[in-house]
Amino acid sequence: MESSLYAHPEDLRGEGIGPVADRALGYGCDGLTVAAAYHRARDVTPHGRSRVTMRRDGVHFPLPAGLWDGLRLVPPSQDDAGDGMLAGLRQVTRQRGTRLHGWTVFLHNTTLGLAHPDVTQENCFGDRAAPADLCPSHPDVRAYAIALARSVARLGVDTVLAESLHFGVFGHGYHHERCFVDLGPVEEFLLGLCFCPHCRARAAQAGVDAQAARVAAARITAGVLDGGAPVPGELSLAGLAERAGDALARYVEARTATVTTLVASVAQAVADEGSQLVFLDLAGAIKGYADGLPTGGLTCEAAWQAGIDPAAIGPVTDGYAILGYARDPARLSADVAAYRSALGASGRLRVTLRPGRPDTPSAANLADKVRLVATAADAVDFYSYGLFPLPVLDRIPAALAPLRLAR
Ligand SMILES: [Zn+2]
Ligand SMILES: [Zn+2]
């Protein structure tokens, strides 16, 4: 089974390309998944050159000439974009026979969103209040995504791993969010739903009454903003149709074609450059990012919240990655099995695990989860080298060892 270790360019620059590549191999991984384009964050990096690391939006390599001519949206370049690190990493990984995956954050970019508010998601009240979420319906955003995919593919990576190539959700549209209103899951979802002109036009093309959908979303959300109780129960598409009417449910469903066609165009662009696209599904983070304790419906069943239809996206990509953010091995197993059945036997499924907090309390728990993942998936990936203390990362080789014996 394939296995890669996620890493940030800051990790490789701090410790050196060779030593980090050797560490990944030593853990039993056969690949590195390195951020080529990333988003802003402040991360505790326990064994890094900086112990707390500031990251900015943008690319970690020089943008190729010619691909960006005439495009309105161009990703910012990181300060170190010109130092040739990713080109050097490609050489080193080739020499060691290690795969290199170009981890690419597409539509989550606060810098671009603040500079161009008209390409960000617009809520049902007409507010442009999600600067981090570029809307996948906007033609400029789609052109940007394709050029970014081509740019990363040209680094010679084995795959482009596409993060945030879908709609954003309300809970993470900016950094430093505050809300003192009791939003239930339904209201929170609706407040993150995009009603920009391009989304409405796409819905109308699909025969959906976008205005009725918008009015329904605003009516339900205004209920809690005006002091009412939130809609009870778990968020589901069927429940939404019942509560908010057909127009809204169909509006939400129409978003999946927006995402699927964008992913297909990006996959084609990546294939034209001689690489492969792996789509990263956000749903595992919706369910378990904060505590590793997903509850209720299976993770696969939450993907629609970001406009993702796994069964439709699987066939237009070369691989499908999910986030196994779960402590309980049985729950993880059920989630992986559901994706496996959505993708079919031939789809290549990768599962990302966090070897420490908040999902993994012990080496034994990680080993259990890796063993279960191996029965249903084609790859297990570990997130992320710079974010966990070295003793936590040391759980990885023991978890992978039984798989190496088996092959
Ligand atoms: Zn973010
Ligand atoms: Zn939109």
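What is the volume of the second largest pocket? In this predicted model, the second largest pocket comes out at about 420 Å³. Of its 22 lining residues, Asn 123, Ala 129, Ala 130, Phe 170 and Leu 191 sit closest to the centre. A pocket here is an open set of points on a 1 Å grid over the protein atoms alone, with protein on both sides within 12 Å along at least five of seven lines, and a lining residue has an atom within 4 Å of a point. The volume is the space filled by probe spheres set on the points, with grid points joined across faces, edges and corners.

A few ground rules apply: local features need pLDDT of at least 70 and side-chain atom pairs count only at pLDDT 80 or more, while totals for chains, interfaces and linings use all residues of the predicted model. Residues are numbered from 1 along each chain as its sequence is written, chains are lettered from A and ligands numbered from 1 in the order in which they are written, and side-chain values use heavy atoms, with hydrogens and water left out.

Strand E8 (residues 130-134) gives the largest share of that pocket lining, 3 residues. Both E8 and helix H6 (185-192) supply at least two lining residues each. (Helices, H or I with at least four residues, and strands, E with at least two, are DSSP runs numbered from the N terminus.) E8 is largely enclosed by the rest of the structure, because 5 of its 5 residues are buried; buried means under 20% relative accessible area, exposed over 50%, and partly exposed in between, using a 1.4 Å probe and protein chains only. E8 also pairs with strand E7 (residues 120-121) in the antiparallel sense over 2 bridges, where pairing takes at least two DSSP bridges between the strands. In that pairing, Gln 121 faces Ala 130 of E8.

On to the metals. The zinc ion (ligand 2) is held by the SG atoms of Cys 135, Cys 194, Cys 196 and Cys 199, at 2.2 to 2.3 Å. Donors are N, O and S atoms within 2.8 Å of the metal (3.2 Å for Na, K and Ca), and water is not among the atoms, so sites may look incomplete. The 4 donor atoms subtend angles of 97 to 115° around this zinc ion, so the arrangement is tetrahedral, a label that for four donors requires all angles to lie between 85 and 135 degrees. For reference, the ideal angle for four tetrahedral donors is 109.5 degrees. Along the chain, the donors of ligand 2 are spaced C-x58-C-x1-C-x2-C. Two of these cysteines can be placed by accessibility: Cys 196 is buried at 1%, and Cys 199 is buried at 5%.

The zinc ion (ligand 1) has His 108 (NE2) and His 172 (NE2) as its protein donors, lying 2.1 Å away. His 108 belongs to the loop between strand E6 (99-105) and helix H4 (110-115), and His 172 to the loop between strand E9 (159-163) and H6, so the pair ties together parts 64 residues apart in sequence. His 108 is buried at 7% relative accessibility, whereas His 172 is partly exposed at 36%.

The strands flanking those loops also pair with each other: E6 and E9 run parallel, joined by 5 bridges, with Gly 102 opposite Val 160 in E9. E6 also runs parallel to strand E2 (residues 31-38), through 6 bridges, and Val 34 stands opposite Gly 102 in E6. With 6 of its 7 residues buried, E6 is largely enclosed by the rest of the structure.

The loop between E9 and H6 holds Ser 164 and Gly 184 as well. Ser 164 has a positive phi near 60° despite not being glycine, and is buried at 13% relative accessibility. Gly 184 is buried too, at 6%.

Elsewhere, two cis peptide bonds turn up. One runs from Arg 357 to Pro 358, with omega near -5°, and Pro 358 is in the loop between strand E12 (349-353) and helix H14 (363-376). Another joins Tyr 383 and Ser 384, with omega about -10°; Ser 384 lies in the loop between strand E13 (379-382) and helix H15 (390-393). As background, most residues other than glycine have a negative phi, and most peptide bonds are trans.

Terms used. Tetrahedral: all angles 85-135°; square planar, octahedral: opposite > 155°, others 65-115°. 1 Å grid on protein atoms, 1.4 Å probe; cavity = no way out; pocket = protein on both sides within 12 Å on 5 of 7 lines; lining within 4 Å.
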